[in-house]
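Work through the exercises below with the sequence and the 3D view side by side. Try each task before you read its solution.

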Amino acid sequence: MLPPANEVRQLHDLSGKVAMVTGAGSGLGRAMAWGMACNGADIVIVDQDAAKARACADEIAAGSGRKTMSLGGDVSAEDDVRAAVMAALAGFGRVDILVNNAGHNIRKPVSQFSVDEFDSLHNVHVRGTFLFCKHLSEHMQQRGSGSIINISSMLGLIAAPGVAPYAAAKAAIAAFSRVFALEMAPHGVRVNAIAPGYIDTPLTRTHPDEVRARIINVTPMGRFGLPRELIGPMLFLASEASSFVTGTTLLVDGGWTAQ
Ligand code: NAP
């Protein structure tokens, strides 16, 4: 029995859903939040820069007509995460989609990393992802539905010099997502990761010109990805379009890892 055509056409529709996106004041998070708002979701933006979060929330509300909320907070601080989750639930009554996207990078050889720099990478990426999953999981379990998307990286799978702590954190996010997916599957909550390749955002614009040229040269599609090219993969994992997909890591890398 085929599903009705109307249902199929609306597989990516997020009407009536609330999506919470961390680090959405900029780059990929901003684009993915915009994409979900354009497909009907109300949006909660969490970023350590409260002014940037507010500007992004206002922009998305004005452009999409959806309701938005902005919250300042550090994803690696449990009190901030607890407060953000409570504010989102108080404001919207539900969170259907959680996107753990906040992050940064520090590039240098392992021997030159300080312990504080190592910790700061793992605190934001791994601890931050863990904290939001922990504090929203009960709500999602009680409702018997939800989609969690954790932003890993192609660098969690392949090697590049100078990013060992970042790569380790991104590999940890993919592993965490697989295990958490098993724990949440019986409760109707799906957990997946997205592993982007090199995308043109403030994070990668700090690469020197010769490194950018090398990246373009090695990427089969011959360019950096654009933040807007994360919208489709995000809509897929956030929506009913991926209703039988959990525990996977979706690569969005212009063909890099196919080589
Ligand atoms: P971005 O433009 O720098 O955006 C990251 C956002 O996260 C910024 O607004 C940043 O705020 C915020 N943030 C950082 N630490 C935070 C914290 N502790 N608490 C709350 N917010 C925090 O970078 P992006 O390229 O969009 O990266 C988004 C995610 O994609 C990251 O997890 C990154 O590792 C991942 N990723 C990116 C690429 C790529 O090529 N761009 C590839 C693979 C994976 P500040 O600006 O104030 O620091």
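For sorting residues by class, Ala, Val, Leu, Ile, Met, Phe, Trp, Tyr, Cys and Pro count as nonpolar, Asp, Glu, Lys and Arg as charged, and the others, Gly among them, as polar. This is a predicted model, in which local features need pLDDT of at least 70 and side-chain atom pairs count only at pLDDT 80 or more, while totals for chains, interfaces and linings use all residues. Residues are numbered from 1 along each chain as its sequence is written, and side-chain values use heavy atoms, with hydrogens and water left out.

**Exercise 1. Describe the shell of residues around the ligand.**

Step 1. A residue belongs to the shell if one of its heavy atoms lies within 4 Å of the ligand. The shell holds 28 residues, and the closest are S26, D47, K52, Y166 and T201.

Step 2. Sorted by class, the shell consists of 11 nonpolar, 13 polar and 4 charged residues.

Step 3. Helices (H or I, at least four residues) and strands (E, at least two) are DSSP runs, numbered from the N terminus. The helices α2 (27–38), α5 (115–143) and α6 (164–184) each contribute at least two residues to the shell.

**Exercise 2. Find polar contacts of the ligand, and state how much of the ligand the protein buries.**

Step 1. A polar contact is a pair of N or O atoms within 3.5 Å; within protein, one must be able to donate a hydrogen and the other to accept it, and residues adjacent in sequence count only if both atoms are side-chain atoms.

Step 2. From the side chain of T201, a polar atom lies 2.5 Å from an oxygen atom of the ligand. The backbone also takes part: a polar backbone atom of N101 is 2.8 Å from a ligand oxygen, and a backbone N or O atom of G197 is 3.3 Å from a ligand oxygen.

Step 3. Accessible areas come from the Shrake-Rupley method with a 1.4 Å probe; for residues, only the protein chains shown count as cover. The ligand taken alone exposes 880 Å², of which the protein buries 90%.

**Exercise 3. Locate the ligand among the pockets, and describe the largest pocket.**

Step 1. On a 1 Å grid over the protein atoms alone, a cavity is a set of points where a 1.4 Å probe fits but cannot get out, and a pocket is an open set with protein on both sides within 12 Å along at least five of seven lines; lining residues have an atom within 4 Å of a point. Grid points are joined across faces, edges and corners, and a volume is the space filled by probe spheres set on the points.

Step 2. The ligand sits in the largest pocket, where sitting requires that more than half of its atoms lie within 2 Å of the grid points.

Step 3. The largest pocket encloses about 1100 Å³ of space. It is lined by 49 residues, and H104, N105, Y166, L203 and T204 are the closest to its centre. The largest share of this lining, 4 residues, comes from α7, and by class the lining has 23 nonpolar, 19 polar and 7 charged residues.

**Exercise 4. Describe the largest cavity.**

Step 1. Searching the whole structure gives 1 cavity of 30 Å³ or more, and the largest cavity has about 50 Å³ of space.

Step 2. Its lining includes T22, V75, N101, H125 and K170. Helix α5 gives the most to this lining, with 4 residues.

Step 3. By class, the lining of the largest cavity has 5 nonpolar, 6 polar and 1 charged residues.
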